[in-house]
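Student: I am new to this structure and would like a close look at one part of it, with the surroundings filled in afterwards. Could you take me through it step by step?

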Amino acid sequence: MSLVSGPTAQSETNPSGQEDQIKPFMVETAGVRGRLVRLGETVEEILSRHPYPPPVAALLAEMLALAAALGSLLKFEGIFTLQTKGDGPISMMVVDITSEGALRGYADYKADAFEEGREREDLGQLLGKGYIAFTVDQGPNTERYQGIVELRGASLADSVQHYFRQSEQLSTSLRAASGVDESGKWRSGALILQQMPPEEAREQGLEKEAEREQGWLHALTLMSTTTPEELLSPSLTPNELLFRLYHEDGVRVFPGRALAFGCRCSRERVASVLSGIPDADLQDLKEETGSVEVVCEFCRTAYHFNDVDLAALKKGS
């Protein structure tokens with residue numbers, strides 16, 4: 001069976017239809033479904049808002065691609081968040097993606113730990129001991145789901161796989177990569193495979209459990225041949241990569257979903273938070289200019305509130 005591809009998703013930030021998107025696909029004869037994520041301008045825009053040292057930027061770029069891939073596997077209307085917290089040089093990273101494809105993220109790190117310019121590629125060296133959390137928030141009238149698992153392995157993908165093993169969900173495997181292209185801009189990508197439930201596998205002709213397991217192992221073997229360069233290469237389209245991997249098994253590629261940087265901060269949201277802070281504490285927050293400044297960690301937008309603004313907040317709260 002040859003590769004079957006639907007129309008390619010495009011947007012103003014993704015005119016070629018090959019970057020900044022999620023490509024869903026299915027390997028029917030193996031009973032496997034998956035997602036391929038390729039980030040270009042989106043990850044560069046997110047990372048450029050902070051002066052991240054290269055090791056921090058590289059890890060956050062991978063996390064952005066992984067969050068997009070994981071979020072696309074879920075059926076939800078709201079926000080999917082992936083967050084790490086540890087006692088290493090990178091104390092926290094948080095990435096979230098909306099069901100509409102708006103992606104954002106930032107990292108909190110100890111700047112002096114990277115002053116010597118030493119490369120730290122091992123997850124344990126960068127994050128230390130800690131956890132990774134998965135959260136789905138569909139709004140105030142729904143129950144929020146959260147899963148937490150210990151950071152484990154040499155990469156973020158290893159820790160995510162550990163979560164799936166611990167939660168006894170469907171067999172899942174991931175690969176992620178990040179790097180700087182020839183123009184000096186960051187790129188990242190992720191490939192995730194998930195074994196179909198038995199009932200779906202039977203619909204694809206895999207009646208026996210042994211056939212299902214054989215198909216899964218075969219898909220994993222092919223996935224292991226994927227290099228970081230292939231996940232990131234702008235000259236190798238997502239369709240071409242998936243075709244190279246699975247064309248002999250019948251890979252079906254579906255229309256892509258566009259991704260773009262999007263921050264949900266606003267002056268109204270900040271004002272709502274400030275309105276609940278006691279007056280004495282607000283006075284302590286004032287700078288030399290006499291106003292309170294609040295900076296969004298995601299997009300670095302600064303919001304200023306002078307005495308008149310603060311009085312109005314208190315009057316309206």
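Student: Let us begin with the strand pairing: which residue in S5 does Thr81 stand opposite?

Tutor: Happy to help! Thr81 stands opposite Asp96 in S5. Please keep in mind that this is a predicted model.

Let us build outwards from that pair of residues. Strand S4 covers residues 79–86 and strand S5 covers residues 90–98, and the two pair in the antiparallel sense over seven bridges. The link from S4 to S5 is a hairpin of three residues. S4 also has a partner in S7: eight bridges join these two strands, and they too run antiparallel. To find this pairing on screen, look for Gln83, whose bridge partner in S7 is Ala133. So S4 pairs with S5 and with S7.

S7 leads us on to the aromatic rings. Phe134 belongs to this strand, which spans residues 130–137, while Tyr163 belongs to helix H4, residues 156–166; the pair they form links distant parts of the chain, 29 residues apart. Their rings are stacked, with 4.0 Å from centre to centre and 20° between the planes. Phe134 and Tyr163 are both buried.

In total, the structure holds six aromatic pairs. Another of them brings together Tyr106 and Phe298, this time edge-to-face, with centres 5.0 Å apart and 90° between the planes. Tyr106 lies in strand S6 (residues 102–109), whereas Phe298 lies in the loop between strand S14 (292–295) and strand S15 (302–305), so this pair ties together parts that are 192 residues apart in sequence. Tyr106 and Phe298 are each buried. Phe298 has a charged neighbour as well: the charged end of Arg104 sits over its ring, 3.8 Å from the centre. Elsewhere, Arg267 lies over the face of Phe305, at 4.1 Å from the ring centre. There is also an aromatic cluster, formed by Tyr52, Tyr109 and Phe114.

Now stay with the loop that holds Phe298. The strands on either side of it, S14 and S15, run antiparallel and are joined by four bridges. In this pairing, Val295 stands opposite Ala302 in S15. The hairpin has six residues between the strands, and one of its features is that Arg300 takes a positive phi near 70°. This is worth a pause, as Arg300 is not a glycine. Arg300 is partly exposed, with a relative accessible area of 38%.

Asp20 makes a useful companion to Arg300. Its phi is also positive, near 50°, and Asp20 is likewise a residue other than glycine. You will find Asp20 in the loop between strand S1 (4–5) and strand S2 (21–27). With a relative accessible area of 1%, Asp20 is buried, whereas Arg300 is partly exposed.

One more loop residue is worth a visit. Ser224 is placed between helix H6 (209–223) and helix H7 (228–232). Ser224 counts as partly exposed, at 46% relative accessibility. As a guide to distances, take Ser224 together with Ala61: 163 residues separate them in sequence, and their C-alpha atoms are 21 Å apart in space.

Finally, let us step back to the whole chain. The protein chain has 11 helices and 15 strands. Its radius of gyration is 22 Å, close to the 20 Å that the globule rule gives for 317 residues, so the chain is as compact as a globular protein of that length. Along the principal axes, the C-alpha atoms fill a box of roughly 70 × 50 × 40 Å. Of the 317 residues, 49% are buried. The accessible surface is about 15600 Å², and carbon and sulfur atoms account for 49% of that surface.

Contacts across the sequence complete the picture. Among contacts with a separation of 6 or more, 63% are between residues 24 or more positions apart. The ring pairs give you two examples of links between separate parts of the chain: Phe134 with Tyr163, 29 residues apart, and Tyr106 with Phe298, 192 residues apart. And if you would like a place to start your own tour, go back to Thr81 and Asp96, which stand opposite each other in S4 and S5.

Key. Residues are numbered from 1 along each chain as its sequence is written. This is a predicted model: local features need pLDDT of at least 70, side-chain atom pairs count only at pLDDT 80 or more; totals for chains, interfaces and linings use all residues. Side-chain values use heavy atoms; hydrogens and water are left out. Rings of Phe, Tyr and Trp (its six-membered ring) pair if their centres lie within 6.5 Å; planes under 30 degrees apart count as stacked, over 60 as edge-to-face and the rest as tilted. Buried means under 20% relative accessible area, exposed over 50%, partly exposed in between (1.4 Å probe, protein chains only). A charge sits over a ring if NZ of Lys or CZ of Arg is within 6 Å of the ring centre and within 35 degrees of the ring normal. Two strands pair if DSSP finds at least two bridges between them. The radius of gyration is taken over C-alpha atoms; the globule rule is 2.2 Å times the number of residues to the power 0.38. Contact means heavy atoms within 4.5 Å. Accessible areas come from the Shrake-Rupley method with a 1.4 Å probe; for residues, only the protein chains shown count as cover.
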